[in-house]
Structure formats: C-alpha cells, structure tokens
Amino acid sequence: MNRFPAFIDLNARKTVIIGGGAAALGKARLVIAAGAEPLVIWPQIEAATRNELTESARLIETAPVRADLAGAALVFVAVDDAATAERWAEAARAAGALVNVVDRPELCDFTTPSIIDRGRLTVAVSSDGAAPVLVKKLRADIEALLPANAGALAEFAGRYRSAVKAKLDEARRRGFWEAFFNGPIAALVLQGDERAAHEAMLEVINRPQAEQEGVVHIVGAGPGDPDLLTIKALRLLQNADVILYDRLVSDEILSLARRDAERLYVGKAKAAHAVAQADIEKTMIALAREGKNVVRLKGGDPFVFGRGGEELDAMRAAGIAVFVTPGITAAIGCAAAAGMALTHRDHAQAVTFVTGHAKGDAEPDLDWAALAALKNTLVVYMGVTTAEKISSQLIAHGRGPETPVAIIENGARANQKIIKGALSDIGALIEAGDITGPALLVIGEVAALADGETLLGLAAEQRRVA
Ligand code: SAH
C-alpha cells in the first residue's frame, strides 16, 4: 500500500479547483457527489463546465490569487501548462491544503480512486496509477457483485445500529449483524420492500437471541458452466453457511462457494436412491431453524423438473423464510451451446418442455397428439431411457419418422456431445452415442440446426458432433 485510503467529509470544508476545462469539471463532479460546494477558479472557464456547475459550485472567472487558497482542505490543480500546475501545487501546499494535480502523480499529496457510489456504501479502488485499466475492470467486477440496493441496505442497517448496540452485548451483536446481512430482512431490503423490512426488523430486535432464525434460498445453478450462473446465485453461494446440492451441480460451481461453507450432497446416483425428498426438506428446515443461511442448489432452473416447487411449499408450510433464484434451464443452455434456436421462426411456433421419466417399464404419460403437432419443438428432459417409446408414440400420432432429432449430452459443459439423426432412429442413435451423462432429446425441425459451433465459447476440441 503506497497511499493511505481515507474517506473525507467535505461538507463543511473548503475545496478549491484551479482550472476551467474538462479535467476541472471531472474533479468538480467527484467532490460535488460527496457533498462539497467547490470553488472553481480560472480566467477562462469553458462553457460546458460553467453550464453544469452554475448551481453546484462557486465559479470565479479570473486568474487565481494565493488568497483564494486560504483555509482550503483540498485543492485540485487541473491546468494544462506544466509550470503553472507546479506553481499552484506549491502555493496550495504552502496554504496547508492537500493537493491533487491532474495527471501528475509525482505532484499529488492524494489521488482519487475509481469509485462505486451507492449512497452510504462506497467502494474505492486504486492501483496508485500503476494499472488504470485493471482498476477499471476490477471496479466493473465489484459493481456486478454488489446488489443494486446495496446502498439502501447500508442505510437501513445504519438506522438500527444504535438500537442493536443498546440491546445486545458485543459478542452477540456480531452474530446478529452476520445473520442480518445473510438473512431474510436484508433480502427484503435488497428487493426494495423496506416497509416489510422495517416491520420484520422491529420484531426481530425485540425477540430473544435464542430465537433468531435462518433463511433458505432455492437457487438454480444452470447447466454446469460456472459462467452461466446468475450474479445473484454467485453472491448467495458466497454467503451460504450450508449448501445442499444435487448430482447435476458441477464441481466448478461448488468451488465458488465460501471456503468454510458446509456442503451436503443430496443427489441421486443414477439407479441408487440417495436422500429421499422428504428428508431433504426436513434437513433444510432444521438447518434454517438453527439460524443457518441455507442454499439449496439445483441444476438448471429449480422450477423446471426440479422439485423446487415442492421445496418452496415445504418451507412455507414450516414458516421458514424462503427465496427463489432462477437458473438457466438445460433446454435453454443446450440450445445456446448447440446454436439451435428453439423457436426459430422458419421451423417452429412453439416449444414444449416435457419429462420422459416413467416408473419402471411404463410409458411416460403424455398428451401425444398435442406433442406430435407440426412446428412444435419438443424438448424431453430425463428421456434417454424412454426415448424409443416416446419416438414410437409420436410417430403413431402423426409426427414424420424423418423428423430431425438432436440428443445433447452434458450440454453447455466442456464435454458436451451432440448426436443428430431421424426420430425413427432415436434408440440406435443413443446406443451408438454411448450416452451416460445428463442428456436432452430435442425433437422437431430445429434439431437439424444443432451443431458444435457453440456460441458459449467452448474450445473446438471440446465439441464433438457425431
Ligand atoms: N432443473 C433442471 C432439470 C432437472 S431434471 C433444469 O432446469 O435443467 C434432470 C434432467 O435435465 C437430466 O436428466 C437431463 O435430461 C437434463 N439436463 C440437465 N442438465 C443437462 C445438461 N447439462 N445437458 C443436457 N441435459 C441436461
């Protein structure tokens, strides 16, 4: 650390900007956003600067004199001529001010960082002039990670700070705020429902510490590529105390969770039955009641053939605070990865997602006549084992045997495999393709578009088209 970062209250302090061009305007904007009313002095103030600053700054359109600097806390020198800049930097320092000279770090007592301004919440990033482009990138990365209402959350917490301090001793206070920022009230503030948040906060503050409860987030992890997580899912993973995850959740995604988060595998290995649904729900409830921040992480989208609806119902019935974060479902992820528009207007009017799952030797119980309609793209989840039955029923109900099909295994992952052919050959295609991972059947004219020219950026050798 070459320079000491600090946040300065400029409200009642004198701030002077020497210069009248775009650079002076830039510095004026910065300090005005922090509550200052700067004195801008220069013989020729540009029209754009003058117009923007007439209300928010004091403009003096004459040559500056040393007396202008008296009592200044911060002085910005934003003039083109190097010798003039040096002279004014020296004068300002002699007047006791801290000095910033635009584009002359060697003359600066302080530099201005790259700033994310969310009201009470401020993030400042600096490389001390070494790598401005890196700073810009980091600023964008941090910005993306911050919830839109992060400033409102800081403001909200600030309002209760003294009330919580009065009520809880120091050790309990820390636990209280940790639970708060990871919990349902913070989630309400982030969703913009401050009224409900205030009501809940009063109720919680007045409750004994032992009864503080956790929260459950039901979160979609997308098809496997960590880049396809939502920003919110990533944030929730990084906040979670415990994560209950399925077979479809990739290791790369799990590795994004907080290092000390507990990870509970509750998926099913292919034939073997792992944890029963009712037990998963019981565990989620028990963990939340212990005050934990629970993430239930599911492949794709939790509400598309994911039993997320049942889990939501169970949490509500148990009175647990519960939130849902969507994910990119396999059909959407595979379509992008295979360059296959599911409703390409030349080939389809509709897309239908169905499950091919059936108990034992039974057939999937589906409305075959409706699904066999022309210009309908049919996407079958969990359909590999029943593919031949699906194919014969569709053909029996009028779909042409030559209808294109694509079988996409491990879609949107590095080991994606795409197999294409005709509906009547689906069983043989699956057999020949040696499909063992999660796979979708896409049936309909758009399936002919599927190819390895993925738009998701997988390397050429990682795409296999048979
Ligand atoms: N909730 C999930 C689906 C769960 S059902 C979602 O929205 O995607 C599990 C089925 O999803 C698998 O049997 C397979 O048909 C499909 N699936 C999930 N991930 C997949 C992937 N990466 N590629 C192909 N199919 C996938």
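This is a chat about domains and helix packing in a predicted model.

Reader: Hi! Which domains does the assignment give for the chain?
Author: Hello! The domain assignment lists domain 1 (14-112), domain 2 (147-211), domain 3 (213-328) and domain 4 (333-465).

Reader: Thanks. What separation do the centres of domain 2 and domain 3 have?
Author: Taken over C-alpha atoms, the centres of domain 2 and domain 3 are 24 Å apart. Domain 2 puts eight residues into the contact, and domain 3 puts in nine residues.

Reader: And what area do domain 2 and domain 3 bury between them?
Author: About 700 Å² is buried between domain 2 and domain 3, with 53% of it on carbon and sulfur atoms.

Reader: Nice. Switching to helices: at what angle do α11 and α12 cross?
Author: Roughly 45°. The axes of α11 (residues 277-289) and α12 (residues 308-317) come within 10 Å.

Reader: Why is that pair called oblique?
Author: An angle of roughly 45° is neither under 35 degrees nor in the 65 to 115 range, so α11 and α12 count as oblique to each other.

Reader: Is that crossing left-handed or right-handed?
Author: The crossing of α11 and α12 is right-handed.

Reader: Which residues meet there?
Author: From α11 you have Q277, I280, E281, M284 and I285, and they meet E310, E311, A314 and M315 of α12. By class, this contact has five nonpolar, one polar and three charged residues.

Reader: Great. How do α15 and α16 cross?
Author: The axes of α15 (residues 387-396) and α16 (residues 426-433) come within 8 Å and cross at roughly 155°. Angles over 145 count as roughly antiparallel, so that is the label for α15 and α16. Their crossing is right-handed.

Reader: Last one: what touches what between α15 and α16?
Author: A387, E388 and S391 of α15 meet I426, G427 and I430 of α16. In that contact, three residues are nonpolar, two are polar and one is charged.

Terms used
Residues are numbered from 1 along each chain as its sequence is written. This is a predicted model: local features need pLDDT of at least 70, side-chain atom pairs count only at pLDDT 80 or more; totals for chains, interfaces and linings use all residues. Side-chain values use heavy atoms; hydrogens and water are left out. Axes are lines fitted to C-alpha atoms, for helices over the stretch in contact, and angles run from 0 to 180 degrees between N-to-C directions. Helices (H or I, at least four residues) and strands (E, at least two) are DSSP runs, numbered from the N terminus. A crossing is left-handed if the near helix is turned anticlockwise from the far one by less than a right angle, and right-handed if clockwise. Contact means heavy atoms within 4.5 Å. Ala, Val, Leu, Ile, Met, Phe, Trp, Tyr, Cys and Pro count as nonpolar, Asp, Glu, Lys and Arg as charged, and the others, Gly among them, as polar. Domain bounds come from an automatic or database domain assignment. Buried area is the accessible area (1.4 Å probe) that two parts lose on being put together, summed over both.
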